[in-house]
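Reader: Hi! I'm new to this and would love a close look at one part of this protein. Could you take me through the open space at its surface and whatever is built around that space?

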Amino acid sequence: MKSLPFVALVALQLAFAPTAEAKLSKAESAMTGTVAAEQDRSLALLERLVNQNSGSLNLEGVEKVGTMMRAELEPLGFRVEWKPMRDTGRAGHLIATHTGRPDGKRLLLIAHLDTVFEPDSPFQKFTRKGDMGEGPGAGDDKGGMVVIVAALRAMQAAGTLKDANIEIHMTGDEEDSGSPIEKARADLIAAGKRSDVALDFEGLVRDNGADMGSVARRSSDSWTVTATGKSAHSSGIFSAAAGDGAIYELTRIVHRFRTELPEPNLTFNVGLIAGGQQADLDAGGIRATVSGKTNIIAPVAVARGDLRALSPEQIERVKAKMAAIVADHAPGTDAKIAFDPGGYPSMAPTDGNRALLAKLNGVNRDLGLAEMAPLDPLKRGAGDISFVAADVDGLAGLGPYSTGDHAPGEAVDIPSISRQATRAAILMSRLSAEKR
(Lines give C-alpha, C1' and ligand atoms only; values in the text may rest on other atoms or scores of the structure.)
Protein backbone atom coordinates (compact mmCIF):
# COMPACT_ATOMS: atom_id res chain seq x y z
CA MET A 1 0.00 0.00 0.00
CA LYS A 2 1.30 3.45 -0.90
CA SER A 3 2.23 5.50 2.18
CA LEU A 4 0.02 8.50 2.97
CA PRO A 5 1.38 12.06 2.71
CA PHE A 6 2.46 13.59 6.01
CA VAL A 7 -0.48 16.03 6.05
CA ALA A 8 -2.95 13.18 5.67
CA LEU A 9 -1.27 11.26 8.46
CA VAL A 10 -1.57 14.24 10.79
CA ALA A 11 -5.27 14.59 9.96
CA LEU A 12 -5.84 10.89 10.57
CA GLN A 13 -3.97 10.95 13.86
CA LEU A 14 -6.23 13.72 15.12
CA ALA A 15 -9.40 12.35 13.60
CA PHE A 16 -8.93 8.80 14.90
CA ALA A 17 -7.40 9.51 18.30
CA PRO A 18 -9.37 8.01 21.24
CA THR A 19 -12.80 9.65 21.13
CA ALA A 20 -14.64 8.35 24.20
CA GLU A 21 -15.37 11.91 25.35
CA ALA A 22 -14.60 13.80 22.14
CA LYS A 23 -17.13 16.55 21.43
CA LEU A 24 -15.70 19.11 19.05
CA SER A 25 -18.05 21.67 17.57
CA LYS A 26 -18.36 22.00 13.81
CA ALA A 27 -16.05 25.06 13.88
CA GLU A 28 -13.51 23.24 16.05
CA SER A 29 -13.48 20.26 13.70
CA ALA A 30 -12.89 22.70 10.84
CA MET A 31 -9.94 24.24 12.71
CA THR A 32 -8.41 20.81 13.19
CA GLY A 33 -8.67 20.16 9.47
CA THR A 34 -7.24 23.54 8.49
CA VAL A 35 -4.16 23.14 10.69
CA ALA A 36 -3.46 19.71 9.19
CA ALA A 37 -4.09 20.85 5.63
CA GLU A 38 -1.72 23.81 6.02
CA GLN A 39 1.18 21.88 7.53
CA ASP A 40 3.33 22.38 4.43
CA ARG A 41 2.60 26.11 4.51
CA SER A 42 3.59 26.25 8.19
CA LEU A 43 6.85 24.43 7.51
CA ALA A 44 7.67 26.79 4.65
CA LEU A 45 7.13 29.77 6.96
CA LEU A 46 9.29 28.17 9.63
CA GLU A 47 12.11 27.65 7.13
CA ARG A 48 11.97 31.28 5.97
CA LEU A 49 12.02 32.55 9.55
CA VAL A 50 14.89 30.29 10.62
CA ASN A 51 17.00 31.18 7.60
CA GLN A 52 16.82 34.88 8.51
CA ASN A 53 19.32 35.40 11.31
CA SER A 54 17.78 37.32 14.19
CA GLY A 55 20.28 37.15 17.01
CA SER A 56 19.31 39.65 19.70
CA LEU A 57 22.20 41.93 18.70
CA ASN A 58 21.47 41.67 14.97
CA LEU A 59 19.03 44.57 15.00
CA GLU A 60 18.42 44.59 11.26
CA GLY A 61 17.83 40.84 11.27
CA VAL A 62 15.29 41.08 14.09
CA GLU A 63 13.47 43.81 12.16
CA LYS A 64 13.37 41.62 9.05
CA VAL A 65 11.74 38.80 11.01
CA GLY A 66 9.26 41.38 12.31
CA THR A 67 8.47 42.35 8.73
CA MET A 68 7.89 38.69 7.86
CA MET A 69 5.44 38.34 10.74
CA ARG A 70 3.66 41.54 9.74
CA ALA A 71 3.03 39.96 6.33
CA GLU A 72 1.36 36.99 8.07
CA LEU A 73 -0.78 38.96 10.52
CA GLU A 74 -2.11 41.89 8.50
CA PRO A 75 -4.08 39.66 6.07
CA LEU A 76 -5.79 38.15 9.13
CA GLY A 77 -7.18 41.54 10.10
CA PHE A 78 -4.58 42.58 12.64
CA ARG A 79 -3.41 46.16 12.99
CA VAL A 80 0.37 45.80 13.20
CA GLU A 81 2.79 48.28 14.78
CA TRP A 82 6.58 48.13 14.98
CA LYS A 83 7.80 49.63 18.28
CA PRO A 84 11.46 50.68 17.87
CA MET A 85 13.75 50.05 20.85
CA ARG A 86 17.10 51.25 19.52
CA ASP A 87 17.57 53.44 22.59
CA THR A 88 17.65 50.27 24.72
CA GLY A 89 20.30 48.73 22.46
CA ARG A 90 17.84 46.36 20.79
CA ALA A 91 15.75 46.37 17.61
CA GLY A 92 12.20 46.63 18.89
CA HIS A 93 8.93 44.75 19.25
CA LEU A 94 6.09 43.74 16.94
CA ILE A 95 2.65 44.53 18.38
CA ALA A 96 -0.46 43.31 16.56
CA THR A 97 -4.07 43.94 17.60
CA HIS A 98 -7.32 42.32 16.46
CA THR A 99 -10.61 43.82 17.69
CA GLY A 100 -13.63 41.59 18.13
CA ARG A 101 -16.75 41.66 20.29
CA PRO A 102 -16.66 44.48 22.84
CA ASP A 103 -17.74 42.17 25.68
CA GLY A 104 -15.42 39.28 24.80
CA LYS A 105 -12.36 38.31 26.80
CA ARG A 106 -9.10 39.95 25.75
CA LEU A 107 -6.30 37.55 24.93
CA LEU A 108 -2.60 38.43 25.02
CA LEU A 109 -0.30 36.20 22.95
CA ILE A 110 3.42 36.37 23.70
CA ALA A 111 6.36 35.20 21.56
CA HIS A 112 9.76 36.56 20.53
CA LEU A 113 11.52 37.40 17.28
CA ASP A 114 15.12 37.02 18.43
CA THR A 115 17.37 34.01 18.99
CA VAL A 116 20.65 33.38 20.83
CA PHE A 117 22.47 32.77 17.52
CA GLU A 118 24.24 35.88 16.24
CA PRO A 119 25.49 36.28 12.62
CA ASP A 120 28.94 34.94 13.55
CA SER A 121 27.48 31.60 14.70
CA PRO A 122 28.22 28.68 12.35
CA PHE A 123 24.64 27.47 12.97
CA GLN A 124 22.51 29.43 10.51
CA LYS A 125 20.22 27.34 8.27
CA PHE A 126 17.09 25.20 8.49
CA THR A 127 17.49 21.50 7.72
CA ARG A 128 14.71 18.91 7.65
CA LYS A 129 15.66 15.60 9.26
CA GLY A 130 12.63 13.35 9.20
CA ASP A 131 10.15 14.60 11.79
CA MET A 132 12.67 17.11 13.14
CA GLY A 133 13.47 20.54 11.73
CA GLU A 134 16.93 21.69 12.76
CA GLY A 135 17.99 25.32 12.75
CA PRO A 136 18.70 28.39 14.89
CA GLY A 137 15.54 29.29 16.77
CA ALA A 138 13.56 26.48 15.12
CA GLY A 139 11.96 25.81 18.47
CA ASP A 140 12.83 28.91 20.48
CA ASP A 141 10.91 30.78 19.33
CA LYS A 142 10.33 30.78 15.58
CA GLY A 143 8.42 27.55 15.97
CA GLY A 144 6.23 29.35 18.50
CA MET A 145 5.47 32.13 16.04
CA VAL A 146 4.53 29.55 13.41
CA VAL A 147 2.11 27.95 15.88
CA ILE A 148 0.47 31.34 16.43
CA VAL A 149 0.02 31.93 12.70
CA ALA A 150 -1.28 28.40 12.09
CA ALA A 151 -3.79 28.71 14.94
CA LEU A 152 -5.02 32.14 13.82
CA ARG A 153 -5.42 31.00 10.20
CA ALA A 154 -7.47 28.05 11.43
CA MET A 155 -9.64 30.38 13.49
CA GLN A 156 -10.18 32.65 10.49
CA ALA A 157 -11.16 29.73 8.26
CA ALA A 158 -13.63 28.47 10.89
CA GLY A 159 -15.12 31.91 11.51
CA THR A 160 -14.05 32.23 15.16
CA LEU A 161 -11.38 34.89 14.65
CA LYS A 162 -13.74 37.70 13.63
CA ASP A 163 -15.19 38.09 17.16
CA ALA A 164 -11.89 37.57 19.01
CA ASN A 165 -10.04 40.31 20.89
CA ILE A 166 -6.38 39.38 20.53
CA GLU A 167 -3.22 41.40 21.15
CA ILE A 168 0.10 39.87 20.12
CA HIS A 169 3.47 40.96 21.49
CA MET A 170 6.53 39.54 19.77
CA THR A 171 9.53 40.98 21.58
CA GLY A 172 12.85 41.50 19.84
CA ASP A 173 15.04 40.96 22.88
CA GLU A 174 13.76 38.04 24.95
CA GLU A 175 17.08 36.22 24.80
CA ASP A 176 19.12 39.31 25.73
CA SER A 177 16.89 42.11 26.94
CA GLY A 178 17.46 45.78 26.30
CA SER A 179 18.29 48.26 29.04
CA PRO A 180 16.66 49.67 31.03
CA ILE A 181 14.36 46.67 31.32
CA GLU A 182 11.57 48.96 32.53
CA LYS A 183 11.47 50.59 29.10
CA ALA A 184 12.10 47.38 27.18
CA ARG A 185 9.04 45.70 28.75
CA ALA A 186 6.77 48.72 29.30
CA ASP A 187 4.48 47.90 26.36
CA LEU A 188 4.15 44.25 27.34
CA ILE A 189 3.38 45.12 30.96
CA ALA A 190 0.72 47.61 29.84
CA ALA A 191 -0.83 44.96 27.59
CA GLY A 192 -1.03 42.57 30.53
CA LYS A 193 -2.98 45.08 32.58
CA ARG A 194 -5.69 45.38 29.91
CA SER A 195 -5.90 41.65 29.13
CA ASP A 196 -7.90 38.82 30.67
CA VAL A 197 -5.68 35.91 29.63
CA ALA A 198 -2.00 35.66 28.65
CA LEU A 199 -0.77 32.78 26.48
CA ASP A 200 2.97 32.27 26.02
CA PHE A 201 4.11 30.52 22.83
CA GLU A 202 7.57 29.43 23.90
CA GLY A 203 8.27 25.72 23.73
CA LEU A 204 6.19 22.84 25.01
CA VAL A 205 7.95 20.79 27.69
CA ARG A 206 7.67 17.02 27.79
CA ASP A 207 8.40 14.96 30.88
CA ASN A 208 8.90 11.21 30.39
CA GLY A 209 7.35 11.58 26.94
CA ALA A 210 4.18 13.34 28.16
CA ASP A 211 3.15 16.86 27.10
CA MET A 212 3.10 19.08 30.20
CA GLY A 213 1.18 22.23 31.08
CA SER A 214 3.21 25.21 32.30
CA VAL A 215 1.38 27.22 34.96
CA ALA A 216 4.55 28.68 36.47
CA ARG A 217 7.95 30.03 35.48
CA ARG A 218 10.72 30.99 37.85
CA SER A 219 12.47 34.33 38.01
CA SER A 220 15.97 35.09 36.79
CA ASP A 221 18.28 37.51 38.62
CA SER A 222 22.05 37.97 38.55
CA TRP A 223 24.29 38.82 41.49
CA THR A 224 27.91 39.79 42.13
CA VAL A 225 29.85 39.27 45.35
CA THR A 226 33.10 41.20 45.72
CA ALA A 227 35.38 40.27 48.61
CA THR A 228 38.42 42.29 49.66
CA GLY A 229 41.30 41.61 52.01
CA LYS A 230 44.74 42.86 52.99
CA SER A 231 47.52 42.39 50.47
CA ALA A 232 50.50 40.95 52.34
CA HIS A 233 53.17 38.22 52.22
CA SER A 234 51.60 34.76 52.14
CA SER A 235 53.53 33.69 55.24
CA GLY A 236 51.22 35.91 57.30
CA ILE A 237 47.94 34.36 56.14
CA PHE A 238 45.37 33.87 58.94
CA SER A 239 47.31 36.10 61.35
CA ALA A 240 45.58 38.95 63.13
CA ALA A 241 47.58 41.42 61.05
CA ALA A 242 46.92 39.90 57.62
CA GLY A 243 43.58 38.17 58.02
CA ASP A 244 42.15 35.48 55.72
CA GLY A 245 42.51 37.23 52.38
CA ALA A 246 39.85 37.84 49.75
CA ILE A 247 39.83 34.41 48.12
CA TYR A 248 39.24 32.52 51.35
CA GLU A 249 36.53 35.01 52.26
CA LEU A 250 34.77 34.61 48.92
CA THR A 251 35.06 30.81 49.18
CA ARG A 252 33.52 30.89 52.65
CA ILE A 253 30.59 33.00 51.39
CA VAL A 254 29.91 30.75 48.41
CA HIS A 255 30.03 27.68 50.69
CA ARG A 256 27.51 29.27 53.04
CA PHE A 257 25.25 30.01 50.07
CA ARG A 258 25.40 26.33 49.13
CA THR A 259 24.65 25.04 52.63
CA GLU A 260 22.24 27.65 54.00
CA LEU A 261 20.11 28.85 51.08
CA PRO A 262 18.53 25.69 49.60
CA GLU A 263 14.73 25.50 49.69
CA PRO A 264 12.03 24.20 47.33
CA ASN A 265 11.83 25.80 43.86
CA LEU A 266 15.06 27.78 44.39
CA THR A 267 18.31 27.49 42.47
CA PHE A 268 21.40 29.68 42.65
CA ASN A 269 24.42 29.16 40.45
CA VAL A 270 28.00 30.49 40.56
CA GLY A 271 28.90 31.05 36.92
CA LEU A 272 32.17 32.99 37.21
CA ILE A 273 34.75 33.32 40.00
CA ALA A 274 38.14 35.05 40.01
CA GLY A 275 40.64 36.37 42.56
CA GLY A 276 44.22 37.46 43.01
CA GLN A 277 46.40 40.51 43.29
CA GLN A 278 44.11 42.01 40.66
CA ALA A 279 40.70 40.85 39.40
CA ASP A 280 38.65 42.95 37.00
CA LEU A 281 35.31 42.21 35.31
CA ASP A 282 34.48 43.47 31.85
CA ALA A 283 31.51 45.79 31.32
CA GLY A 284 29.17 42.89 30.58
CA GLY A 285 30.21 40.94 33.65
CA ILE A 286 31.02 37.82 31.62
CA ARG A 287 34.84 37.93 31.49
CA ALA A 288 37.47 38.46 34.18
CA THR A 289 41.10 39.54 33.95
CA VAL A 290 43.18 38.16 36.81
CA SER A 291 46.80 38.31 37.97
CA GLY A 292 48.54 37.21 41.16
CA LYS A 293 51.31 35.18 42.79
CA THR A 294 51.29 32.25 45.16
CA ASN A 295 53.27 34.18 47.79
CA ILE A 296 50.89 37.16 47.94
CA ILE A 297 47.64 37.17 49.92
CA ALA A 298 44.93 38.04 47.42
CA PRO A 299 43.35 41.44 48.14
CA VAL A 300 40.34 40.98 45.80
CA ALA A 301 38.03 38.20 44.64
CA VAL A 302 34.77 38.33 42.74
CA ALA A 303 32.00 35.86 41.92
CA ARG A 304 28.97 36.20 39.65
CA GLY A 305 25.96 33.97 39.47
CA ASP A 306 22.22 33.76 39.01
CA LEU A 307 19.22 33.27 41.27
CA ARG A 308 15.90 31.70 40.27
CA ALA A 309 12.82 31.59 42.48
CA LEU A 310 9.08 30.98 42.15
CA SER A 311 7.49 34.00 43.82
CA PRO A 312 8.33 37.63 44.64
CA GLU A 313 8.26 36.74 48.34
CA GLN A 314 10.79 33.96 47.84
CA ILE A 315 13.04 36.22 45.78
CA GLU A 316 13.14 38.92 48.45
CA ARG A 317 13.58 36.44 51.29
CA VAL A 318 16.53 34.72 49.61
CA LYS A 319 18.17 38.01 48.65
CA ALA A 320 17.96 39.09 52.29
CA LYS A 321 19.62 35.81 53.38
CA MET A 322 22.40 36.29 50.85
CA ALA A 323 23.00 39.85 52.01
CA ALA A 324 23.20 38.70 55.65
CA ILE A 325 25.73 35.98 54.80
CA VAL A 326 27.91 38.45 52.88
CA ALA A 327 27.77 41.00 55.71
CA ASP A 328 29.08 38.43 58.23
CA HIS A 329 32.65 38.42 56.94
CA ALA A 330 35.87 36.90 58.26
CA PRO A 331 38.69 38.75 60.09
CA GLY A 332 40.67 41.21 58.01
CA THR A 333 38.24 41.10 55.10
CA ASP A 334 35.18 42.86 53.73
CA ALA A 335 32.55 41.82 51.21
CA LYS A 336 29.59 43.30 49.37
CA ILE A 337 26.81 41.85 47.24
CA ALA A 338 25.03 43.59 44.37
CA PHE A 339 22.02 42.39 42.38
CA ASP A 340 21.87 43.38 38.72
CA PRO A 341 18.97 45.59 37.67
CA GLY A 342 16.62 44.25 35.03
CA GLY A 343 16.02 40.69 36.14
CA TYR A 344 13.05 38.61 35.02
CA PRO A 345 10.23 38.29 37.58
CA SER A 346 8.56 35.01 38.45
CA MET A 347 5.25 33.56 37.28
CA ALA A 348 3.76 31.94 40.37
CA PRO A 349 1.45 28.88 40.04
CA THR A 350 -1.81 30.68 40.86
CA ASP A 351 -5.33 29.26 41.00
CA GLY A 352 -6.15 31.34 37.91
CA ASN A 353 -3.30 29.74 35.97
CA ARG A 354 -4.42 26.27 37.06
CA ALA A 355 -7.97 27.09 35.91
CA LEU A 356 -6.59 27.94 32.46
CA LEU A 357 -4.76 24.62 32.33
CA ALA A 358 -8.05 22.93 33.21
CA LYS A 359 -9.64 24.63 30.17
CA LEU A 360 -6.76 23.48 27.98
CA ASN A 361 -7.31 19.98 29.29
CA GLY A 362 -10.95 20.30 28.27
CA VAL A 363 -9.64 20.89 24.75
CA ASN A 364 -7.39 17.85 25.09
CA ARG A 365 -10.30 15.65 26.16
CA ASP A 366 -12.40 16.82 23.23
CA LEU A 367 -9.52 16.10 20.84
CA GLY A 368 -9.04 12.68 22.40
CA LEU A 369 -5.59 13.67 23.66
CA ALA A 370 -4.09 12.92 27.06
CA GLU A 371 -4.51 15.55 29.75
CA MET A 372 -1.47 17.68 30.54
CA ALA A 373 -0.26 17.67 34.14
CA PRO A 374 1.30 20.81 35.66
CA LEU A 375 5.02 20.97 34.96
CA ASP A 376 7.46 21.16 37.85
CA PRO A 377 8.66 24.81 37.65
CA LEU A 378 12.25 23.63 38.22
CA LYS A 379 12.08 22.29 34.66
CA ARG A 380 11.18 25.63 33.04
CA GLY A 381 13.32 28.76 32.69
CA ALA A 382 12.34 32.41 32.84
CA GLY A 383 10.33 34.10 30.08
CA ASP A 384 8.48 37.22 28.99
CA ILE A 385 5.09 36.06 30.32
CA SER A 386 6.43 36.62 33.82
CA PHE A 387 6.30 40.38 33.27
CA VAL A 388 2.49 40.21 33.11
CA ALA A 389 1.97 37.38 35.61
CA ALA A 390 1.10 39.75 38.47
CA ASP A 391 -1.78 41.25 36.45
CA VAL A 392 -3.33 38.44 34.39
CA ASP A 393 -3.85 34.67 34.47
CA GLY A 394 -1.59 32.86 32.05
CA LEU A 395 -0.29 29.66 30.52
CA ALA A 396 3.20 29.07 29.13
CA GLY A 397 4.58 26.46 26.76
CA LEU A 398 2.04 26.69 23.92
CA GLY A 399 4.79 26.56 21.29
CA PRO A 400 6.09 23.32 19.75
CA TYR A 401 8.33 20.76 21.41
CA SER A 402 12.02 21.08 20.60
CA THR A 403 15.38 19.71 21.65
CA GLY A 404 18.80 21.27 22.13
CA ASP A 405 17.55 24.85 22.51
CA HIS A 406 20.25 27.54 22.63
CA ALA A 407 22.89 25.27 21.11
CA PRO A 408 23.93 24.23 17.60
CA GLY A 409 21.64 21.38 16.61
CA GLU A 410 18.49 22.95 18.09
CA ALA A 411 15.59 21.11 16.46
CA VAL A 412 11.80 21.37 16.52
CA ASP A 413 9.53 18.34 16.58
CA ILE A 414 7.49 18.94 13.41
CA PRO A 415 4.34 16.96 14.36
CA SER A 416 4.07 19.02 17.57
CA ILE A 417 3.54 22.19 15.50
CA SER A 418 0.17 20.93 14.27
CA ARG A 419 -0.82 19.53 17.64
CA GLN A 420 0.01 22.76 19.47
CA ALA A 421 -1.66 24.94 16.80
CA THR A 422 -4.83 22.84 17.02
CA ARG A 423 -4.89 23.07 20.80
CA ALA A 424 -4.27 26.81 20.67
CA ALA A 425 -6.90 27.54 18.00
CA ILE A 426 -9.64 25.75 19.94
CA LEU A 427 -8.56 27.16 23.31
CA MET A 428 -8.41 30.74 21.97
CA SER A 429 -11.78 30.36 20.26
CA ARG A 430 -13.39 29.14 23.47
CA LEU A 431 -11.76 31.82 25.62
CA SER A 432 -12.71 34.55 23.15
CA ALA A 433 -16.36 33.51 23.33
CA GLU A 434 -16.40 34.03 27.11
CA LYS A 435 -17.60 37.35 28.44
CA ARG A 436 -15.30 39.59 30.40
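Author:
**The largest pocket and its surroundings**

Let's start with strand E14, which gives the most to the lining of the largest pocket, with four residues. Keep in mind that this is a predicted model. The largest pocket holds about 1,600 Å³ of space. Its lining is made of 50 residues, and the closest to its centre are Glu175, Asp176, Ser177, Ser220 and Ser222. As for the elements that put in two or more residues, those are helix H6 (181-184), E10, E11, E14 and E17. Sort the lining by class and you get twelve nonpolar, 21 polar and 17 charged residues.

So much for the pocket; now for E14. The strand covers residues 300-308, and eight of its nine residues are buried, so the strand counts as mostly covered, with "buried" being under 20% relative accessible area.

What does E14 pair with? On one hand there is strand E10 (residues 221-228), joined to E14 by eight bridges in an antiparallel arrangement. To find that pairing on screen, look for tryptophan 223, which stands opposite glycine 305 in E14. On the other hand there is strand E11 (residues 267-276), which is also antiparallel to E14 and is linked to E14 by nine bridges. A handy marker here is glycine 276, whose bridge partner in E14 is valine 300.

Zoom out a little and you'll see these strands belong to an open sheet of four, in the order E11-E14-E10-E15, with antiparallel pairing. The edges are E11 and strand E15 (334-339), each of which pairs on one side only. On average, neighbouring strands in this sheet are turned by 15° against each other, if you ignore direction. As you trace the strands, here's a general tip: side chains in a regular strand alternate between the two faces of the sheet.

The E10 and E15 pairing is antiparallel too, and runs over six bridges. Within it, valine 225 stands opposite isoleucine 337 in E15. Helix H8 (residues 246-260) packs on this sheet and touches E10, E11, E14 and E15, with its direction making about 145° with that of E10. Then there's helix H9 (residues 312-327), which lies across E10, E14 and E15 and runs at about 160° to E15.

H9 takes us straight to another opening. It supplies three residues to the lining of the second largest pocket, the largest share from any element. H6 turns up again as well: H6 and H9 each supply at least two residues of that lining. This second pocket has about 370 Å³ of space. It is lined by 20 residues, and those closest to its centre are Pro312, Tyr344, Pro345, Ser346 and Ser386. By class, the lining has eleven nonpolar, five polar and four charged residues.

Let's go back to E17, one of the elements lining the largest pocket. It sits in another open sheet of four strands, with the order E4-E5-E18-E17 and antiparallel pairing. Strand E4 (127-129) and strand E17 (402-403) are the edge strands, each pairing on one side only. E4 is joined by three bridges to strand E5 (residues 132-134), and the two run antiparallel. If you want a spot to check, threonine 127 has glutamate 134 in E5 as its bridge partner. Helix H11 (residues 414-433) lies across E4, E5 and strand E18 (411-413), at about 55° to E18.

Finally, the enclosed spaces. Rolling a probe the size of a water molecule over the atoms shows where empty space is left. This structure holds two cavities of 30 Å³ or more. The largest cavity has about 40 Å³ of space, and its lining is Glu38, Arg41, Ser42, Leu45, Val146, Val149, Ala150 and Arg153. Helix H3 (39-51) and helix H5 (142-158) are the elements giving two or more residues to that lining, and H5 gives the most, with four. By class, the lining has four nonpolar, one polar and three charged residues.

The second largest cavity has a volume of about 30 Å³. Around it you'll find Met212, Gly213, Ser214, Leu360, Met372, Leu395, Ala396, Gly397 and Leu398. That lining divides into six nonpolar, three polar and no charged residues.

How values were computed
Residues numbered from 1 in each chain as written. Predicted model: local features only at pLDDT ≥ 70, side-chain atom pairs only at ≥ 80, totals over all residues. Heavy atoms only, no water. 1 Å grid on protein atoms, 1.4 Å probe; cavity = no way out; pocket = protein on both sides within 12 Å on 5 of 7 lines; lining within 4 Å. Points joined across faces, edges and corners; volume = space filled by probe spheres on them. Nonpolar A, V, L, I, M, F, W, Y, C, P; charged D, E, K, R; others polar. Pairing = 2+ DSSP bridges. Contact = heavy atoms within 4.5 Å. Axes fitted to C-alpha atoms, helices over the stretch in contact; angles between N-to-C directions. Buried < 20%, exposed > 50% of the residue type's maximum accessible area, 1.4 Å probe, protein only.
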